[in-house]
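Trainee: I've just opened this one and don't know my way around yet. Could you walk me through it?

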Amino acid sequence: MTESTKSGGTGRCLCGAVRYRYEGEPLSVGLCQCDRCQRQSGSAFLIGVIFPKEAVTIEGPLATYEATVDGEHRLWRHFCPSCGSAVSITLDRFPTIRSLMGGTLDDKRHLRPTFSIWCSAGQPWLTLPPEIVLYPDYPDGTFG
Ligand SMILES: [Zn+2]
Ligand SMILES: [Zn+2]
């Protein structure tokens, strides 16, 4: 059964081995069109649904790919080792937040992305709705 109320909800990877629950509302919802997120998602962008870290509980065999950003900051991409679904991202730069991948939420009706970062790396066919604020790169404070 899908649990979903406005003040929390659930999600899972494609195969269901990794499941999570979140409490409350996301701090923000944004898209990332950077080349790395395109490669991980296999798509044009990744949907980041950002929560305070303590608001999310994840269960299952989550695997982690660690990458450095700008040769300095570390970023961890957490995924299901069985089906490969991207589930979550955490960053050393913003240790208090956890980003859940929008496609893994059980209830996607309330998802309202308000911004996109790394539009300069975006695929040329993509036109986002006018209410989404576009950033060419990754300004401080957008996800944090
Ligand atoms: Zn899975
Ligand atoms: Zn990205």
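Trainee: In what order do the eight strands of the open sheet sit?

Mentor: Keep in mind that this is a predicted model. The sheet is open and its pairing is mixed. Its edge strands, each pairing on one side only, are β7 (63–69) and β12 (133–134). Reading across, the order is β7-β8-β9-β10-β5-β4-β11-β12.

Trainee: Okay, and in what sense do β4 and β11 pair?

Mentor: Strands of a sheet pair through backbone hydrogen bonds, either parallel or antiparallel. For a landmark, find glycine 30, which stands opposite phenylalanine 115 in β11. Three bridges link β4 and β11, and the sense is parallel.

Trainee: How many bridges join β5 to β10?

Mentor: Look for glycine 48, which faces methionine 101 in β10. β5 and β10 run antiparallel, and the number of bridges joining them is five.

Trainee: What about the other neighbour: through how many residues does the hairpin join β9 to β10?

Mentor: β9 and β10 pair in the antiparallel sense, with two bridges. Isoleucine 89 is opposite serine 99 in β10. The hairpin from β9 to β10 goes through five residues.

Trainee: Is β10 largely enclosed or open, then?

Mentor: Check which way its residues point: Ile97, Ser99 and Met101 go one way, Arg98 and Leu100 the other, and all are buried. That makes five of the five residues of β10 buried, so the strand is, with respect to the rest of the structure, largely enclosed.

Trainee: Which element gives the most to the largest nonpolar core?

Mentor: That core has 25 residues, and Cys32, Leu46, Val87 and Leu100 have the most contacts inside it. Elements giving two or more residues include β4 (28–32), β9 (86–91) and β10 (97–101). The top contributor, with four residues, is β5.

Trainee: Which residues does cysteine 32 touch?

Mentor: Cys32 is among the core residues with the most contacts inside the core. Leave out residues up to four places away in sequence, and what cysteine 32 touches is Cys37, Phe45, Leu46, Gly48, Ile117 and Trp118.

Trainee: Last one: what is the radius of gyration of the protein chain?

Mentor: The chain comes to one helix and 12 strands. For 144 residues the globule rule gives 15 Å, and the chain's value is close to that, so it is as compact as a globular protein of that length. The radius of gyration is 14 Å.

Conventions:
Residues are numbered from 1 along each chain as its sequence is written. Chains are lettered from A and ligands numbered from 1 in the order in which they are written. This is a predicted model: local features need pLDDT of at least 70, side-chain atom pairs count only at pLDDT 80 or more; totals for chains, interfaces and linings use all residues. A nonpolar core is a set of buried Ala, Val, Leu, Ile, Met, Phe, Trp, Tyr and Cys residues joined through C-beta atoms within 7 Å. A residue is buried if 20 or more other C-beta atoms lie within 10 Å of its own, exposed if 12 or fewer, and partly exposed in between; C-beta atoms are placed from the backbone. Two residues are in contact if their C-beta atoms, placed from the backbone, lie within 7 Å. Two strands pair if DSSP finds at least two bridges between them. The radius of gyration is taken over C-alpha atoms; the globule rule is 2.2 Å times the number of residues to the power 0.38.
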